[in-house]
Amino acid sequence: MAHLIIKNVGPIKHVDIELNKVNIIMGPQSSGKSTINKIACYCSWVEKKVSLDQSFGFFEEENVFINELVRFHKLKGYIQPETYIEFESTIVKFKYSHQHGKPQFEWTDRFAYKRVKISYVSAERNMVAAIP
């Protein structure tokens with residue numbers, strides 16, 4: 001299980017969520033559901049990358065952490081000066097403040113990583129519609 005905090009990203013003002021094996025996020029259109037899922041998936045990828053590399057080096061360059069998030073998930077215009085992301089799992093903990101530009105990393109248990117499958121189903125891929 002992991003813990004995720006997101007502040008000031010797109011429509012999200014503040015989210016503090018425990019990520020379990022299955023998570024269901026519901027809310028009105030344009031409330032930030034997909035943004036939460038994209039950031040959760042990205043944080044899981046960061047966890048995987050630093051675990052497999054056994055290094056935080058890739059993300060220690062100025063703005064690499066946030067630029068990769070924005071590029072991959074097409075979040076241009078979502079990042080604000082007050083943007084903050086914090087992720088903690090059994091493997092790694094990191095905090096990103098846009099004012100500082102670089103995340104702060106620390107290992108929780110650097111050798112505990114197990115590959116998992118992460119995905120999210122957006123409204124455009126409604127699973128209920130696929131059920132006969």
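Where does valine 22 lie, relative to strand S2 (12–19) and helix H1 (33–53)? Valine 22 belongs to the loop between these two elements, and the legends below return to this loop after a look at the whole chain. Please keep in mind throughout that this is a predicted model.

**Figure 1. An overview of the protein shows 2 helices and 5 strands.** Following the sequence, you will meet these elements in the pattern β-β-α-α-β-β-β. The protein has 132 residues, of which 40% count as buried. Among contacts with a separation of 6 or more, 50% come from residues 24 or more positions apart. The exposed surface amounts to about 8700 Å², with carbon and sulfur atoms supplying 52% of it.

**Figure 2. Val22, Ile24 and Met26 make a nonpolar patch on the surface.** Together, these three residues contribute about 420 Å² of accessible area. Valine 22 sits in the loop between strand S2 and helix H1. With 67% relative accessibility, valine 22 counts as exposed, because the cut-off for that class is over 50%. Serine 30 can be found in the loop between S2 and H1 as well. Its backbone deserves a glance: phi of serine 30 is near 65 degrees, a positive value in a residue other than glycine. Serine 30 is exposed too, at a relative accessible area of 65%.

**Figure 3. Asparagine 8 in strand S1 (residues 2–9) has a positive phi.** The angle is near 55 degrees, and the residue is not a glycine. Is asparagine 8 buried or exposed? At 19% relative accessibility, asparagine 8 counts as buried, since the limit for that class is under 20%. While you are looking at strand S1, find lysine 7 as well: its charged end sits over the ring of tyrosine 84, 5.3 Å from the ring's centre.

**Figure 4. Helix H2 (residues 64–73) is mostly covered.** How many of the 10 residues of H2 are buried? The count is 7, and these residues are Val64, Phe65, Ile66, Glu68, Leu69, Val70 and His73. They pack against three elements, namely H1, strand S3 (79–88) and strand S4 (92–97). Just after the helix comes lysine 74, with a positive phi near 55 degrees.

**Figure 5. Glutamate 68 of helix H2 pairs with arginine 71 in a salt bridge.** The N-to-O distance between the two side chains is 2.8 Å. Both residues lie in helix H2, 3 residues apart, which is about one turn of the helix. The partners differ in their cover: glutamate 68 is buried, with a relative accessible area of 19%, whereas arginine 71 counts as exposed at 53%. Which residues does glutamate 68 contact, once neighbours within four places in sequence are left aside? They are Tyr42 and Phe58.

**Figure 6. Lysine 49 takes part in a salt bridge and also lies over an aromatic ring.** Aspartate 53 is the salt-bridge partner of lysine 49, and their closest N and O atoms are 2.9 Å apart. Why are aspartate 53 and lysine 49 separated by about one helical turn? They are 4 residues apart in helix H1, so about one helical turn lies between them. Both residues fall in the partly exposed class, aspartate 53 with a relative accessible area of 42% and lysine 49 with 22%. Lysine 49 also lies over the face of phenylalanine 58, at 4.8 Å from the ring centre.

**Figure 7. Lysine 93 and glutamate 88 meet in a salt bridge.** The N-to-O distance here is 4.0 Å. Lysine 93 counts as buried at 19% relative accessibility, whereas glutamate 88 is partly exposed at 32%. In total, the structure holds 3 salt bridges. Side chains of opposite charge can pair when their charged atoms come close.

**Figure 8. Many aromatic residues join in one cluster.** Its members are Tyr42, Trp45, Phe56, Phe58, Phe59, Phe65, Phe87, Phe94, Tyr96, Phe105 and Trp107. The number of aromatic pairs comes to 12. Some names will be familiar from earlier views: Tyr42 and Phe58 are in contact with glutamate 68, and Phe65 is one of the buried residues of H2.

Technical notes. Residues numbered from 1 in each chain as written. Predicted model: local features only at pLDDT ≥ 70, side-chain atom pairs only at ≥ 80, totals over all residues. Heavy atoms only, no water. Patch = residues over 30% accessible without salt bridge, like charges linked within 9 Å, V, L, I, M, F, W, Y side chains within 5 Å. Areas by Shrake-Rupley, 256 points an atom, 1.4 Å probe, with all protein chains shown as cover. Buried < 20%, exposed > 50% of the residue type's maximum accessible area, 1.4 Å probe, protein only. Contact = heavy atoms within 4.5 Å. Phe/Tyr/Trp six-rings, centres within 6.5 Å; stacked < 30°, edge-to-face > 60°. Lys NZ or Arg CZ within 6 Å of the ring centre and 35° of its normal.
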